[in-house]
Amino acid sequence: MSPSSRTLSLVAALTAFSFTPALFATNGMNMEGYGPVATAMGGASIAYDNGTAGVINNPATLSLMQEAARLDLALGVLGPDITATSPTGVPADSNATAFYMPAFGYTRQAGDFVYGFAVFGQGGMGCEYEPDSWRGLGFDLINRTEVSVGRAIIPLSYRVNERLNIGGTVDFVWAGMDLQMAMSGSQFFDLVNPMAQNFGHASGSLVQGFNQMMSTLPADTGVDYAYFNFTNDNDFTGEAEGYGFAGKIGLTYEVNEQVTFGLTYHSKTDLGDLDAPGNSLAFQLNVPGMGAMAQSLSGTINVNEFEWPALLGAGFAYRPRPDWLLVADVRQIFWANAMKQFSMKFTADDAATNGPFAGSVLDAVLYQDWDDQTVIQLGAAYMVNDRFTLRGGFNYGNNPVPDRFLNCLFPAIIETHFTGGFGYQFNDRSTIDVSVTYAPEVEIVSGYGVGVSHSQLNSQIMYSYRF
């Protein structure tokens with residue numbers, strides 16, 4: 001078998017075993033950087049060769065590669081530190097503190113073209129609070145969410161002339177979500193009461209049936225909790241799943257040997273709904289003289305119109321000397337168009353065990369109203385010698401989540417990242433690159449009066465082989 005055939009066989013095998021685990025919010029739900037070369041320099045990546053990570057950054061940068069072909073194998077470790085503090089000051093720490101993200105990419109030159117294949121984790125958010133914390137509402141309810149989005153990417157880049165490169169990708173996108181969310185009685189009533197609905201709203205035949213049932217019970221009957229529950233035990237795929245497509249286009253323009261500019265546009269995804277059949281919605285009433293009355297309804301949950309937003313970015317790379325590289329990107333992420341609300345539909349099974357709620361429907365919406373996000377990424381690399389390169393950078397993106405609608409299960413509030421790393425070239429073919437990111441703590445108090453603090457310590461490592 002030829003070397004190129006062995007390489008393609010390896011790529012095919014990795015595709016079969018590469019999944020996207022839950023990732024955690026940095027620039028909104030996007031990672032602060034893709035690939036350790038770019039991440040170590042603040043995530044800036046639009047105007048210089050940063051390896052096969054170009055397929056998710058700016059596909060036109062693939063035409064800047066010097067080698068005939070390249071294979072990158074990467075692993076990221078994400079370390080979020082999240083605490084939710086109740087309105088009365090009781091803290092609950094998320095025990096979701098370490099997550100692992102594999103990725104790989106292969107690219108090859110063919111004349112003026114570069115083509116290839118890659119699998120990358122796009123991003124996500126999530127956390128998990130123990131059932132005996134205050135988030136369990138005193139009923140030992142696990143509160144957990146994991147949102148993950150991954151892409152299998154086919155890129156094509158073309159060298160138009162000695163200065164201009166253009167590129168594009170076709171992306172197969174998959175999304176997964178797990179959710180175990182307990183709502184207090186007051187939060188649930190805010191959804192179903194048309195005179196309230198400050199943080200969301202609920203409607204449908206299930207709400208009508210619930211109101212009718214409540215009218216037959218004593219007036220001081222209370223709701224202990226409502227509980228949305230769809231989850232699995234898989235670290236790499238969510239219980240609710242959806243699939244679709246997206247794409248990217250980009251260009252780079254080499255002004256001279258020192259300065260290169262780049263532009264890229266990433267389309268909004270076309271995923272549609274995430275479906276989770278065979279799950280449950282539960283609630284518990286506290287009825288005077290009768291005590292607690294729990295009801296668990298089996299059915300299907302759909303997360304409606306979950307999409308990843310469009311992105312527009314521009315950047316430049318400047319080499320003042322052969323041993324120095326300075327880079328800067330500005331990106332606009334259009335969260336406002338994709339994260340107006342978090343919408344779920346629960347359809348109860350038409351089964352006797354669901355009693356009077358059999359076949360009923362609940363449409364529930366939690367307001368999100370995210371802002372668009374401007375991300376500034378700055379970085380530098382210094383070649384200490386022919387083998388060793390040091391990198392450092394800075395990344396800032398405004399928090400896109402309004403304080404009022406912040407939910408401690410969706411803590412996408414990180415703003416600042418300090419980044420660093422290095423690259424070491426073993427020989428003409430093999431290189432290792434490492435990045436480390438520290439995101440200082442951000443603290444927000446939500447409209448529910450819940451305090452959320454979030455910091456991160458993340459790292460990536462990548463082995464590259466050149467052909």
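Okay, let's start at Cys-408, which is buried, with a relative accessible area of 7%. Before I go on, please keep in mind that this is a predicted model. Where in the chain does Cys-408 sit? Its place is the loop between strand E19, residues 388–397, and strand E20, residues 416–425.

Now, who does Cys-408 touch? If we skip the neighbours within four places in sequence, Cys-408 is in contact with Ala-84, Cys-127, Tyr-129, Arg-135, Val-450 and Val-452. There's also Gly-126: it is 282 residues from Cys-408 in sequence, yet the two C-alphas are 9.0 Å apart in space.

You'll have spotted another cysteine in that contact list, Cys-127. Is Cys-127 buried or exposed? Cys-127 is buried, with a relative accessible area of 1%. So why is there no bond between Cys-127 and Cys-408? The sulfur of Cys-127 has its closest cysteine sulfur in Cys-408, and at 6.3 Å that is too far for a bond. For a disulfide, the two sulfurs would have to be within 2.5 Å. Coming from the other side you get the matching answer, because the closest cysteine sulfur to Cys-408 is the one in Cys-127, again 6.3 Å away and too far. And if you search the whole structure, you find 0 disulfides.

Okay, let's zoom out to the chain. It has 6 helices and 22 strands. The C-alpha trace spans about 80 × 45 × 30 Å along its principal axes. How does the radius of gyration fit with a compact globule? With 467 residues, a compact globule would come out near 23 Å, and the chain has 24 Å, so the two agree.

Of those 467 residues, 55% count as buried. Think back to Cys-408 and Gly-126, with their places 282 residues apart in sequence. Here's the chain-wide picture for contacts: take the ones between residues at least 6 apart in sequence, and 71% of them join residues at least 24 apart.

As for the outside, the accessible surface is about 18600 Å², and 57% of it belongs to carbon and sulfur atoms. The chain has 20 positive and 44 negative charges, and the mean positions of the two sets are 14 Å apart.

Next stop, helix H4, which is residues 185–192. How many of its 8 residues are buried? The count is 6, so I'd go with calling H4 mostly covered. The buried ones are Gly-185, Gln-187, Phe-188, Asp-190, Leu-191 and Val-192. And what does the covering? The cover over those buried residues includes strands E7 (164–184), E8 (200–203), E9 (222–230) and E17 (361–367), along with helix H5 (205–215).

If you walk on from H4 towards E8, you're in the loop that holds Gln-197. Gln-197 has a positive phi of about 55°, although it is not a glycine. It is partly exposed, with a relative accessible area of 23%.

Asp-140 goes next to that one on my list. Asp-140 isn't a glycine either, and it has a positive phi of about 55°. You'll find Asp-140 in the loop between strand E5 (113–129) and strand E6 (143–159). Is Asp-140 buried or exposed? Asp-140 is exposed, with a relative accessible area of 58%.

That's my tour, so have a look at these spots on the structure yourselves.

Notes. Residues numbered from 1 in each chain as written. Predicted model: local features only at pLDDT ≥ 70, side-chain atom pairs only at ≥ 80, totals over all residues. Heavy atoms only, no water. Helix = DSSP H or I, 4+ residues; strand = E, 2+ residues; numbered from the N terminus. Rg over C-alpha atoms; globule rule 2.2 N^0.38 Å. Buried < 20%, exposed > 50% of the residue type's maximum accessible area, 1.4 Å probe, protein only. Contact = heavy atoms within 4.5 Å. Areas by Shrake-Rupley, 256 points an atom, 1.4 Å probe, with all protein chains shown as cover. Lys, Arg positive; Asp, Glu negative; His and termini not counted. Charge placed at Lys NZ, Arg CZ, Asp CG, Glu CD.
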